[in-house]
Structure formats: structure tokens, C-alpha cells
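I opened the model to look up its metal sites and its sheet. My entries follow in the order in which I made them.

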Amino acid sequence: MTLPWRHPHRAALLDAALAQRILVIDGAMGTMIQRHELQESDYRGERFAQGFDVLFSADGHAHGEGCGCPVQDQRGNNDLLTLTRPDIIRDIHDAYLDAGADLVETNTFNSTSISLADYHLQHLVRELNREGAALARAACDAAEARDHTQPRFVIGVLGPTSRTASLSPDVNRPGFRAVSFDELAEAYREATHGLIEGGADLLMVETVFDTLNAKAALFAIDDVFEELGHRLPVTISGTITDASGRTLSGQTAEAFWYSLRHARPLAIGLNCALGAKDLRPHVDVLGQVADTHISCHPNAGLPNAFGGYDETPEDMATMLREFAEAGLLNLVGGCCGTTPEHIAAIVETVRGVAPRVIPSLEVAA
Ligand SMILES: [Zn+2]
Ligand SMILES: [Zn+2]
């Protein structure tokens, strides 16, 4: 039996919008945070000023002079800014909504216990996901209040983590795994609970480079839905990391779809690693095999020698206009290197172009 929607009205609004037009997802969070040139003290705020969380200790001791807690640098821990500089994260959401984005992604890409372990902040998973979703929710609600004709949706983002379940990081021990399926599923369950509590409209398993990690995420999401007795729409977005057009775990876009279609996602797509031009053939393949919506949020080209991204809003919009006119797109946006200017150009260029029609595919008996 299929579980009912948690927010039936929101799910219906999203369906209606997808039937009507190509929806635009926001652009990069990291690129926008970089513009602020934040220092260690910005990342730490008051709560983490001493290099650990003053509100928490694993064994319940009261922090004090010489309590021995390790001081951990937090610079680069962008998800922590949800708690320490919520003003900046809210401004970024607002800038993308002002650019015309229909959907904004939560600042939770690394908010799993596995990724937060690098900062000794595993205990923050639920809080970061809940507060990250709540910040995006508030921004979307404010935008909707200004213009009732355009619904705005919060995508609760579940990132890939820094570990792969199907590959060994050690060439001398091919059977070794740095993380197990069960560990990943547990990490994703916690994150999913937080995103739902914070008010996400839908969930996205994003930047998938290892299909087994995505399976763990989808398994965890289902567990949480079962526990709660209701569900949200779920989308999946993979990443082509290899010149031969495969994910890190070796799958083509087509194999990626067939591995995950059992989850019946609202959309399947590709993001990151490549610019629009190099993603084009893989989006095309997905569009031929997938009987669901297609999403695509490329980087602003390939990284340059300095790790930056050079494609202008006009460059990207021109390429994505061609995708749209070829009938490939239901959802489109930007990943690394994209800004509100890129998103505004994409909004402009896909306006009035019909969304891809989901094919009804013959299913072999
Ligand atoms: Zn302490
Ligand atoms: Zn990216």
C-alpha cells in the first residue's frame, strides 16, 4: 500500500507546476558562501567559539578550563553556518528566489553523521537538517506570500557522504569498505527525520557517485516514511565522474536509472562534475529510458586552473535553452559555480518552453 502524502496540498501544487512548465532549481550554495570570505570565527559563532559545541558533550560533562575537549577548526564546514550565520544562508535562499527559482535546496549537503565526523559534530545531524530545512522553508513561505501565483518548494538535500559503500579506498585491500550499507542507512535516517521536521516539501538524494550509497539513502527514506505513516516526493540526481560517461561506481546513466527505478522517484537526473555541454548526451539517454521527470543541474562548466568556473549566465542559458527545446527537461538548475545571475538567465530562457512529456514505456511482461 502506498503511504499518503505528508503535505497533500504541497504535493499537488508541485505536480500541477511540473505539468505546466519547466521548473527551475536554485544554484550553488558554496559559491555564494565563498563570496563572503568568512573566517574561522564566523563559522564558530558563539556556540562553537571554543572549537567545540558548548551545548553538548558526549559524556555529559560540563565544559570548563582544561576539560580536555578537542579544539576543532570549523572553517569550511558550510552546513554549520545554518546555526552560526543563518543570516547569510537566508540571504542566499532569498537571492535565488528573487532570481525566480521555483525550488531551493537546503544547506545540508554534508549534514550526515559520516561527513560531520570530520568536524567532531556528529551529534548535530538532526538539528542541522531540521534548521536547514526550516531556513529554506521560511524563505519559500516569504516568497509565496509576496506572490501567490508562484509556489516555491523546499528540496531537502541528502548528500553522498565522503565514503563509498561499493568501492575500496585502498588499492591494496579491494575487499575493504570504509562504510557499510547499514551505517549509511542509519546516517540517512537521522538526516531524513530532520529534513522532514524542518518542513521540506520533497527530498533529493543528490550528487550520487556510488549507486549503493543512493540505495542506502532510499532505503532509509522509506524506513522513515513507514515510521511516520506518510511520505514526501523523492528525487534522485547522479554524477558522471568519468570521461567514459560513468558514475564513480561504474554505471552509465541508463544503468543508473534501472538500478534505482524501483524507488519510483518523482524525478531522476544528473548534476555536478560536468557543465551542461558534457552532460547533454547523458541527460538524453536518461530521457529515453526513464518514465518519470528528468532533472539536470550542471556546473558552470569544467573547473579552470584555479578551481573556479567560467561559464557565464548567458553561456549556460544558451545551452540549457537547447536542452529545453529538445524536450529533455522537467527540472533544471545549477550546481558548482552558478549564482543567482545564472539562475535568473535560466529562468528567462526556459520560460514558455514546454516541459518534457513523460513517455509511457512498454513494460515487458
Ligand atoms: Zn569539555
Ligand atoms: Zn557541483
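Entry 1, ligand 2. I began with the zinc ion (ligand 2) and found it coordinated by Cys272 (SG), Asn299 (OD1), Cys335 (SG) and Cys336 (SG), at 2.1 to 2.6 Å. I took as donors N, O and S atoms within 2.8 Å of the metal (3.2 Å for Na, K and Ca); water is not among the atoms, so sites may look incomplete. This is a predicted model, in which local features need pLDDT of at least 70 and side-chain atom pairs count only at pLDDT 80 or more, while totals for chains, interfaces and linings use all residues. Residues are numbered from 1 along each chain as its sequence is written, chains are lettered from A and ligands numbered from 1 in the order in which they are written, and side-chain values use heavy atoms, with hydrogens and water left out.

I then checked the geometry of the zinc ion (ligand 2): the angles among its four donor atoms are 94 to 129 degrees, and the site is tetrahedral. For four donors that term requires all angles to lie between 85 and 135 degrees. Along the sequence I read the donor spacing of this zinc ion (ligand 2) as C-x26-N-x35-C-C.

Next I looked up accessibility, where buried means under 20% relative accessible area, exposed over 50%, and partly exposed in between (1.4 Å probe, protein chains only). Cys272 is buried at 14% and Cys335 is buried at 11%, whereas Cys336 is partly exposed at 26%. I also searched for disulfides, meaning pairs of cysteine sulfur atoms within 2.5 Å, and the count was zero.

Entry 2, ligand 1. For the zinc ion (ligand 1) I listed the protein donors His61 (NE2), His63 (ND1), Cys67 (SG) and Cys69 (SG), 2.1 to 2.4 Å away. Why is the arrangement around the zinc ion (ligand 1) tetrahedral? It is tetrahedral because its four donor atoms subtend angles of 94 to 120 degrees. I noted the spacing of these donors along the chain as H-x1-H-x3-C-x1-C. Two of the residues I looked up here are partly exposed: His63 at 23% and Cys67 at 28%.

Entry 3, the sheet. I took helices (H or I, at least four residues) and strands (E, at least two) as DSSP runs, numbered from the N terminus. Strands count as paired if DSSP finds at least two bridges between them. Eight strands form an open sheet with parallel pairing, in the order β1-β8-β7-β6-β5-β4-β3-β2. β1 (23-24) and β2 are at the edges with a single partner strand each, so one side of each has no neighbour in the sheet. At the β1 edge, two bridges join β1 in parallel to strand β8 (residues 331-332), and Val24 stands opposite Val332 in β8.

Entry 4, β3. All six residues of strand β3 (residues 153-158) are buried, so the strand is largely enclosed by the rest of the structure. I found Phe153, Ile155 and Val157 buried on one side and Val154, Gly156 and Leu158 buried on the other. Strand β2 (residues 103-105) pairs with β3 in parallel over three bridges, with Leu103 opposite Phe153. β3 also runs parallel to strand β4 (residues 202-208), joined by four bridges, with Val157 opposite Met204. From β3 the chain passes through helix α8 (residues 181-198) to β4, and I recorded this β-α-β crossover as right-handed (with the strands pointing away from the viewer, the path from the first strand over the helix to the second runs clockwise).

Entry 5, Ser295. I placed Ser295 in strand β7 (residues 293-299) and found it buried at 1%. Leaving aside neighbours within four places in sequence, Ser295 is in contact (heavy atoms within 4.5 Å) with Ile268, Gly269, Leu270 and Leu331.

Note on methods
Tetrahedral: all angles 85-135°; square planar, octahedral: opposite > 155°, others 65-115°.
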